[in-house]
Amino acid sequence: MNLLLLNQFLKHHDVDGELIEVIDTLMIACKEIAVQLREGALAGVLGTTDNTNVQGETQKKMDVIANDILKNVLETNPLVRGMASEEEDDPVAANDDGRFLVTFDPLDGSSNIDINVSVGTIFSILEAPQNMSGDNVEAYLQEGRKQVAAGYVLYGPSATLVLSTGAGVNFFTLAHTGDFILTNENVQVPATTKEFAINMSNQRHWEPEMQNYVNDLLLGAEGPREKNYNMRWIASMVAEVHRVLTRGGIFMYPWDKRETGKPGKLRLMYEGNPMSMLIEQAGGLSTTCYTNIMDLKPTEIHQRCAVALGSSEEVEAVMEYHTGSKDGAAAALNS
Ligand code: AHM
Ligand code: MG
């Protein structure tokens with residue numbers, strides 16, 4: 001087998017050398033996170049802290065550890081102007097002359113950490129605008145279309161980097177040597193699917209359009225969609241998106257009326273946008289049900305958005321159920 005290392009692959013595909021350096025730096029941090037996770041209870045990294053983050057969520061020990069590792073490692077790269085994290089109230093400045101901004105969710109799905117289910121680090125890389133320091137929120141408020149790279153490292157039975165630099169999506173598996181090795185090239189999301197993922201316990205809170213769509217999926221072959229669907233819910237977006245990239249499907253976290261003023265649960269800058277870039281680069285679609293996520297103009301660093309992403313024909317179907325409902329709170333917040 002011809003083993004192609006991440007760095008060799010990126011150089012071979014003429015990816016900007018400075019961007020490669022930032023990706024390499026990110027991977028140093030992710031490898032360290034993978035080591036800590038593997039040790040789990042032995043390293044004393046499981047369990048919860050007494051703190052909450054800016055979103056009001058209780059931080060797991062590993063949320064804080066992963067965040068610190070990423071911050072400390074990224075700061076050492078002179079190309080990094082600043083970073084914004086789910087676990088930081090405000091963006092953090094790094095190097096004044098740095099060319100890039102990095103946003104990340106240090107440990108997505110961390111509510112699963114104590115039960116040993118897959119979690120992951122999600123990241124997005126943007127060009128830093130001129131004359132804006134790395135702690136200036138305005139610098140980060142760029143549409144998802146402007147991302148120069150996006151990806152995640154899934155810490156599952158194996159640690160896998162899923163990366164796009166704007167020319168397709170590739171998987172790299174972390175070998176025992178410490179190298180990320182190309183294992184899946186030019187990944188494509190199948191256009192059709194019979195598999196959906198949504199937290200069904202929120203059903204009564206969704207808007208009627210989403211309820212109608214999911215009800216029709218549940219009617220199976222006898223219903224208007226004329227197929228029997230299967231359902232999955234891991235409660236770890238990285239694991240769900242990995243399944244969608246690997247075998248198709250639709251993953252949704254829609255607006256719901258538990259918090260009417262919020263567009264959704266998931267965060268735009270370090271969840272919605274990077275995952276949308278990966279899905280689109282693999283031939284899928286990603287939407288709020290009203291608007292393509294990467295066309296949203298961000299207004300806040302911890303902004304939320306509704307998410308429906310995956311196999312293109314299924315995502316088009318869910319959007320059709322929402323056409324004509326543009327007056328509701330969900331539409332107003334997600335357009
Ligand atoms: P997190 O970033 O705090 O881990 O929250 C995001 C996670 C996603 O990974 C997952 O899709 C969702 O929250 C699960 O939500 P729920 O607990 O409502 O099922
Ligand atoms: Mg998350």
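This section describes a magnesium site and a group of aromatic ring pairs in a predicted model.

The magnesium ion (ligand 2) is coordinated by side-chain oxygens of three residues, namely Asp105 (OD), Asp108 (OD) and Glu271 (OE), at 1.7 to 2.0 Å. Along the sequence, the donor residues of this ion follow the spacing D-x2-D-x162-E. Asp105 has a relative accessible area of 1% and is therefore buried, because buried denotes values under 20%. Asp108, at 7% relative accessibility, likewise counts as buried.

Aromatic contacts form the second feature. The count of aromatic pairs comes to five. One of them is formed by Trp233 and Phe251, whose rings are stacked, with a centre-to-centre distance of 5.6 Å and an angle of 5° between the planes. This pair links distant parts of the chain, 18 residues apart: Trp233 lies in the loop between β12 (230-231) and α6 (237-247), whereas Phe251 belongs to strand β13 (residues 250-253). The two partners differ in burial, since Trp233 is partly exposed at 27% relative accessibility, while Phe251 is buried at 2%.

Trp233 also pairs with Tyr253; the ring centres lie 5.9 Å apart and the planes meet at 55°, so this pair is tilted. Because Trp233 is located in the loop between β12 and α6 and Tyr253 in strand β13, the contact ties together parts that are 20 residues apart in sequence. Tyr253 counts as buried, with a relative accessibility of 9%. Through such ring pairs, Trp233, Phe251 and Tyr253 are linked into a cluster.

Note on methods:
Residues are numbered from 1 along each chain as its sequence is written. Chains are lettered from A and ligands numbered from 1 in the order in which they are written. This is a predicted model: local features need pLDDT of at least 70, side-chain atom pairs count only at pLDDT 80 or more; totals for chains, interfaces and linings use all residues. Side-chain values use heavy atoms; hydrogens and water are left out. Donors are N, O and S atoms within 2.8 Å of the metal (3.2 Å for Na, K and Ca); water is not among the atoms, so sites may look incomplete. Buried means under 20% relative accessible area, exposed over 50%, partly exposed in between (1.4 Å probe, protein chains only). Rings of Phe, Tyr and Trp (its six-membered ring) pair if their centres lie within 6.5 Å; planes under 30 degrees apart count as stacked, over 60 as edge-to-face and the rest as tilted. Helices (H or I, at least four residues) and strands (E, at least two) are DSSP runs, numbered from the N terminus.
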